[in-house]
Amino acid sequence: MNRRRALAEIYAALDQARSYEQWLEAAAAHDRFTGADAWRAQDHSPHYDATLLRQERDRLHALRHQGDGLGLARQLDESLARHLGDITAPELYGRALTGTKHLVGAFLDEAEASLRWLVGADVPGVCAADKRLAFQRAWKVYGHSALMLSGGATWGFHHLGVVKALFERDLLPHILSGASTGAMIAAGICSRTDAEIAALFADIDQIRLDGLLRLPLVQALQQGAALDPDQLRAVLDHNVGPATFAQAFAHSGRVLAIAVSPTRTRQKSRLLCHLTSPDVLIASAAMASSALPGLFVPQVLHARDPDGTVRPWVPTERWADGSITADLPKMRLARLFNVNHFIASQTNPHVLPFVRHHGQRGLVPTIAGIAGASVRSQGALVTDLARRATRPSKGPVGRLADRAYNLVSQDYRGDIDIHPQLRPSMLGKLVVNPSRDDLAEFIAEGERAAWPKLAMIRDQTRLGRVFRACLAELSA
């Protein structure tokens with residue numbers, strides 16, 4: 001009984017933590033109490049190849065201490081694969097709250113030390129330019145990480161807490177995508193430098209929260225949407241600023257990608273970024289990505305020419321909520337930016353009940369996963385039949401069937417998934433302007449949802465961050 005009470009007190013401390021330091025202290029107590037500390041110290045596990053990882057670590061260590069730059073470079077070429085020996089297996093992070101096997105950390109320590117040593121080492125026959133090209137190639141082979149922020153209406157403000165938790169520990173990826181509310185958050189972050197992001201979180205009251213304004217009934221019926229787009233546009237101009245995608249990338253160094261959905265048949269969704277749409281205003285893109293049918297009318301995107309003239313971008317097209325077709329645009333991010341590791345912050349109300357148990361162990365998560373997969377597969381089948389039956393008409397019913405199929409058939413998961421806790425008090429705050437207290441609660445809940453994932457994110461993004469730092473040093 002005392003053991004059960006002690007464990008309950010630890011879980012209560014985890015739930016009641018108001019900072020990552022408090023949470024980590026409770027997590028360390030959990031790992032000591034449950035024996036997870038001892039599990040971390042033992043190399044063996046059926047979920048990864050401990051022998052291979054130990055051998056690779058020892059080879060890197062030996063070559064570095066011998067000063068063999070060419071040999072070390074060759075060994076790193078062979079060793080630095082993201083999934084070497086299955087070290088990214090989710091099961092390795094399901095036992096201990098503070099991290100995974102110490103051997104994984106030891107290998108990453110040696111890989112980082114080797115990469116940083118090569119930056120300053122005098123390697124025979126390799127000039128500085130060649131070394132920089134070699135690092136660029138190695139990073140391309142290793143791949144990039146991205147943070148994807150889903151839609152979710154007002155619930156999407158949880159993303160601010162996720163971003164805050166990552167940013168404060170230098171874990172925020174340099175590639176962010178967003179759809180709907182996630183597009184607003186991603187645009188606001190990627191339009192700011194690190195110093196400006198820190199200032200934003202230090203004074204969160206500078207964010208305007210009055211973007212949702214109901215139209216008079218007659219006007220709403222005439223335009224087929226309930227909310228005033230001019231109000232949201234003004235709020236986005238304030239929160240995001242006037243930058244284009246190219247200007248935001250040049251200012252912050254972060255890649256911003258925003259998904260928008262087409263409104264016409266035979267059209268495909270777009271992923272707007274500094275490569276595909278450099279002159280498009282990011283506030284305009286966030287506005288279009290948030291235009292959920294029924295709430296906002298579809299939007300025309302706007303771009304700024306070099307002379308400062310603002311004009312419609314693809315003026316014949318209207319764009320709607322990015323979550324409809326590309327809530328988490330993994331395939332396009334992979335093609336455009338060589339992303340092969342995805343962190344997903346998911347707040348969509350129609351998704352959370354089916355994905356929040358993904359990756360968890362136990363009877364309840366297993367049953368929930370089976371039920372969710374069944375509902376998703378049946379829903380995809382039914383909506384596919386509906387869209388095939390209505391496609392010849394190309395009318396409102398056909399478009400509705402297409403949208404339903406797109407919503408059901410999407411993959412809403414990443415390699416690492418972050419979900420807020422579903423609380424009854426949230427149910428009435430889905431499509432309303434949040435109060436200042438609501439915003440603070442959303443941010444705190446987003447942080448709490450991110451804390452248990454930080455060890456996994458830290459490990460799985462570590463070498464990408466090292467590559468980025470090494471290339472910055474070589475460029476300088």
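**Exercise 1. How many cavities of 30 Å³ or more does a search of the whole structure find?**

Solution. The model is predicted: local features need pLDDT of at least 70, side-chain atom pairs count only at pLDDT 80 or more, and totals for chains, interfaces and linings use all residues. Residues are numbered from 1 along each chain as its sequence is written, and side-chain values use heavy atoms, with hydrogens and water left out.

- Fix the term. On a 1 Å grid over the protein atoms alone, a cavity is a set of points where a 1.4 Å probe fits but cannot get out; lining residues have an atom within 4 Å of a point.
- Fix the volume. Points are joined across faces, edges and corners, and the space filled by probe spheres set on them is the volume.
- Count. The search gives 2 cavities of 30 Å³ or more.

**Exercise 2. Describe the linings of the largest and the second largest cavity.**

Solution.

- The largest cavity holds about 90 Å³. Its lining includes Tyr93, Phe107, Tyr142, Asp459 and Leu463. H6 and helix H21 (454–475) are the elements that give two or more residues to this lining. Helices are DSSP runs (H or I, at least four residues), numbered from the N terminus.
- Sort the residues of this lining: 8 nonpolar, 2 polar and 2 charged. Here Ala, Val, Leu, Ile, Met, Phe, Trp, Tyr, Cys and Pro count as nonpolar, Asp, Glu, Lys and Arg as charged, and the others, Gly among them, as polar.
- The second largest cavity has about 60 Å³. Among its lining residues are His158, Arg423, Asp438 and Glu445. Helix H20 (residues 436–450) supplies the largest share, 4 residues. The split is 2 nonpolar, 1 polar and 5 charged.

**Exercise 3. Classify the pair Phe135 and Phe467, and state whether each residue is buried or exposed.**

Solution.

- Apply the rule. Rings of Phe, Tyr and Trp (its six-membered ring) pair if their centres lie within 6.5 Å; planes under 30 degrees apart are stacked, over 60 edge-to-face, the rest tilted. The count is 6 aromatic pairs.
- Phe135 and Phe467 are edge-to-face, at 6.4 Å centre to centre and 75° between the planes.
- Locate them. Phe135 is in helix H7 (residues 128–142) and Phe467 in helix H21, 332 residues apart.
- Check burial (buried under 20% relative accessible area, exposed over 50%, partly exposed in between; 1.4 Å probe, protein chains only). Phe135 has 6%, so Phe135 is buried. Phe467 has 1%, so Phe467 is buried.
- Extend. Ring pairs join Phe135, Trp139, Tyr142 and Phe467 in a cluster.

Notes: On a 1 Å grid over the protein atoms alone, a cavity is a set of points where a 1.4 Å probe fits but cannot get out, and a pocket is an open set with protein on both sides within 12 Å along at least five of seven lines; lining residues have an atom within 4 Å of a point.
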